[in-house]
Structure formats: C-alpha cells, structure tokens
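Let's take a walk through a protein model and see how its parts hold on to each other. Keep the structure open while you read, and look up each residue as it comes along.

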Amino acid sequence: MAAQLTLKDVSLQFGGIKVLQDVSFGVEPGQIFGLVGPNGAGKTSLFNCISGHYKPTSGSITIDGTEVSGSHPATLAKHGLARTFQHPALQLEATVLENVLLGAHTRLPGGPGEWSLRLPRTGRSERVLRSEALALLERNGLGWAADIPADELSHGLHKGIELCRALLMKPRLLLLDEPAAGLPHTEVEHLIQTVRRLRAEDDITVVIVEHHMGLIAALTDRVVVLDHGRKLMEGTAAQAQSDKRVIEAYIGKDAADDAA
Ligand SMILES: Nc1ncnc2c1ncn2[C@@H]1O[C@H](COP(=O)(O)OP(=O)(O)OP(=O)(O)O)[C@@H](O)[C@H]1O
Ligand SMILES: [Mg+2]
C-alpha cells in the first residue's frame, strides 16, 4: 500500500549553518508530490533527512504514522522507502544488471548471516530478484544494456539504472532527486510517462525534487517550495509558478519587481 509521509518542524543544522528550519508538510498515499526551490534551498538535505542519510537536529518525520526520524537507511528500506540520488551513485565497473541488483538484498529472506551460508532459498530468491531486475530494465527501455558495464553508458541512462534499482526494492514511498537533470527533451517526456505509469500500475507515493518546472507541472498533485531552508509556500504547481514570493526567490526581488 502506498505510504503516507508527514514532516513536522524538521530542522537541520551543521555547526552554525541552518540548512533546514521548521519544515512541515504532509504527502498523502498515492500522491505525486513536488519539492522545488532555488539551488541551495535545502531540497537534497531534506531528502537526506527522510532517507536516513542525515539526522534532523529537531522535528518529526513519520511514515504511516511511525516515527522514522534518525533511522538507518536500511531500516527505512523496510518501511518501503527507496530513493535516487542527484548524482547517480553507481558501481561504474559493474554491469547495468549488477547495479540494479545493488541494495535489493534487503528483499532476501533471513539476514546477512543466512545469506553467506548460500542456502537454497537464498539462491531461489536471488534468481527471482534477477528476473525482476531484467523485467524492470526491459520496461524502462534498458534491457539491451543489462550486461554492459555502467561506465559505457550516458548520464541519462545512469539515471534510468538508478530508477530501476530503486524500483526493485518495491518501494511504497519513492524519492527522486532531480531525475530530469541533464536529460534531453525526449527523455524528459519518457520520464514523465514512466512516473505516470508507476502511479497507475504500482501502489506508490512519489516525492520529486526537480528544477524542470514542465515536469513538475505535468506530474505533481501538490508542491512545496523551499527557500533558504524554509517552506515558502505550498499549493499546486500552477499556484507556485504564479506566486510572487516564489518568483522573487528564483530571480531576486529587484528582477521580479522589474518584470511586474
Ligand atoms: N553535510 C553538509 N555539511 C554542511 N553543509 C551542508 C551539508 N549538506 C548540505 N549542506 C548545505 O545545505 C545547503 C542546502 O544544500 P542542498 O544540497 O540541500 O540544496 P538543494 O536545494 O538540493 O540545491 P540544488 O538545487 O543545487 O541541488 C547548502 O548551503 C549546502 O552547502
Ligand atoms: Mg539538490
């Protein structure tokens, strides 16, 4: 079942630097939710807090009502969370298929002790994961590349590999950090179709960080705009695009006044 995500007064500080200040919002099950804002606004840091890579200084993060703030990423995977990274973190010398399989061991039965014993049930589960990984690659137009080392593929295809890797974890909550960055227009269109299909076919909640406002407008039910670590506004993508405070945050107050 798609997950519900709630943030309440999430703050993050590194030394004297306030990266996030009292950020609150809720994402309903099955929503596609956008997180936007200028460079350095704190979007990736907020994702890092949700995915357990950063521990918020204060505040609460719940998934389906369970407090997860400060949990380890592996624990969050068990709550159904998967994510992609702004800069794809791939094993470049490994094949595309091997990269998709990275991280999916959390779906194997038992724990690391049992996996090292190479029991038949581990082998069976690994074969199932492998065929699911191949099916995901096929579905995302990457089946042809399964056995090719990742470093032979383009940046855009690296993003596709990361998406397949996240989807293999069968997430109920998927965080995508700038999935369209660096993609040519046709691939952005393909990405929009992929996320739409995810919502239609899989029971999943998606939060997308993106600067590509066309993609945000095409996909999201709701957006939160961050600026300097604070929530500036919340509403639809159309409301955000016409909000004076948001325009000022992106292009500066003087330029916004001149444009008015
Ligand atoms: N580990 C860290 N230590 C110190 N400062 C950090 C750390 N992580 C993030 N920051 C700071 O937090 C601020 C927000 O960065 P963040 O990467 O979250 O922004 P962003 O909204 O994702 O920007 P972009 O759109 O450019 O990706 C920046 O000033 C950054 O330098
Ligand atoms: Mg970022």
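## Salt bridges and a two-domain contact

If you search the whole structure, you find 10 salt bridges. Keep in mind that this is a predicted model. Here are some of those pairs, with the N to O distance for each.

| Salt bridge | N to O distance |
|---|---|
| D9 and K8 | 3.6 Å |
| E132 and K170 | 3.6 Å |
| R222 and E234 | 3.0 Å |
| E201 and R139 | 3.3 Å |

Start with D9 and K8, whose side chains meet in a salt bridge. How open to the outside are these two? D9 counts as partly exposed because its relative accessibility is 33%, a value in between the limits of 20% and 50%. K8 has 51% relative accessibility, so it counts as exposed, the cut-off being over 50%.

Next up is the pair E132 and K170, with N and O 3.6 Å apart. E132 belongs to helix α5 (residues 120-139), while K170 is in the loop between α6 and β7, so this salt bridge ties together parts that are 38 residues apart in sequence. E132 is partly exposed, at a relative accessible area of 22%. K170, on the other hand, is exposed, with 52% relative accessibility.

Now find R222 and E234, which meet at 3.0 Å, N to O. Which strands does this pair tie together? R222 is in strand β9 (residues 222-227) and E234 is in strand β10 (residues 230-235), so the link joins parts that are 12 residues apart in sequence. R222 is partly exposed at 31% relative accessible area, and E234 is partly exposed too, at 25%. There's a third member to look for: R222, K231 and E234 are linked in a network of salt bridges.

## Where the two domains meet

Zoom out a bit. The protein is divided into domain 1 (1-80 + 171-260) and domain 2 (89-170). Their contact takes 19 residues from domain 1 and 11 residues from domain 2. The C-alpha centres of the two domains lie 26 Å apart.

How much area is buried between domain 1 and domain 2? About 1200 Å², with carbon and sulfur atoms giving 58% of it. On the domain 1 side, A77, P171 and R197 supply 33% of the area buried against domain 2, more than any other three residues.

Across this interface there is 1 salt bridge. The count of residue pairs in polar contact between the domains is 3. Which elements of domain 1 supply at least two residues each to the side that touches domain 2? They are α2 (73-78), β7 (173-177) and α7 (185-201). Of these, α7 gives the most, with 6 residues. That side of domain 1 divides into 8 nonpolar, 3 polar and 8 charged residues.

## A closer look at K159

Finally, go to K159, which sits in helix α6 (residues 155-168). Is K159 buried or exposed? K159 is buried because its relative accessible area is 10%, and the cut-off for buried is under 20%.

What does K159 touch, leaving out residues up to four places away in sequence? Its contacts are F85, Q86, P88, D177, E178, P179 and A181. One of these gets a polar link as well: the side chain of K159 reaches the backbone oxygen of Q86 at 3.5 Å. For a sense of scale, try S69, which is 90 residues from K159 along the chain, with 27 Å between their C-alpha atoms.

Terms used
Residues numbered from 1 in each chain as written. Chains lettered and ligands numbered in written order. Predicted model: local features only at pLDDT ≥ 70, side-chain atom pairs only at ≥ 80, totals over all residues. Heavy atoms only, no water. Helix = DSSP H or I, 4+ residues; strand = E, 2+ residues; numbered from the N terminus. Buried < 20%, exposed > 50% of the residue type's maximum accessible area, 1.4 Å probe, protein only. Contact = heavy atoms within 4.5 Å. Polar contact = N/O pair within 3.5 Å; in protein donor to acceptor, adjacent residues only side chain to side chain. Domains from an automatic or database assignment. Buried area = accessible area lost by both parts, 1.4 Å probe. Salt bridge = Lys/Arg side-chain N within 4 Å of Asp/Glu carboxyl O. Nonpolar A, V, L, I, M, F, W, Y, C, P; charged D, E, K, R; others polar.
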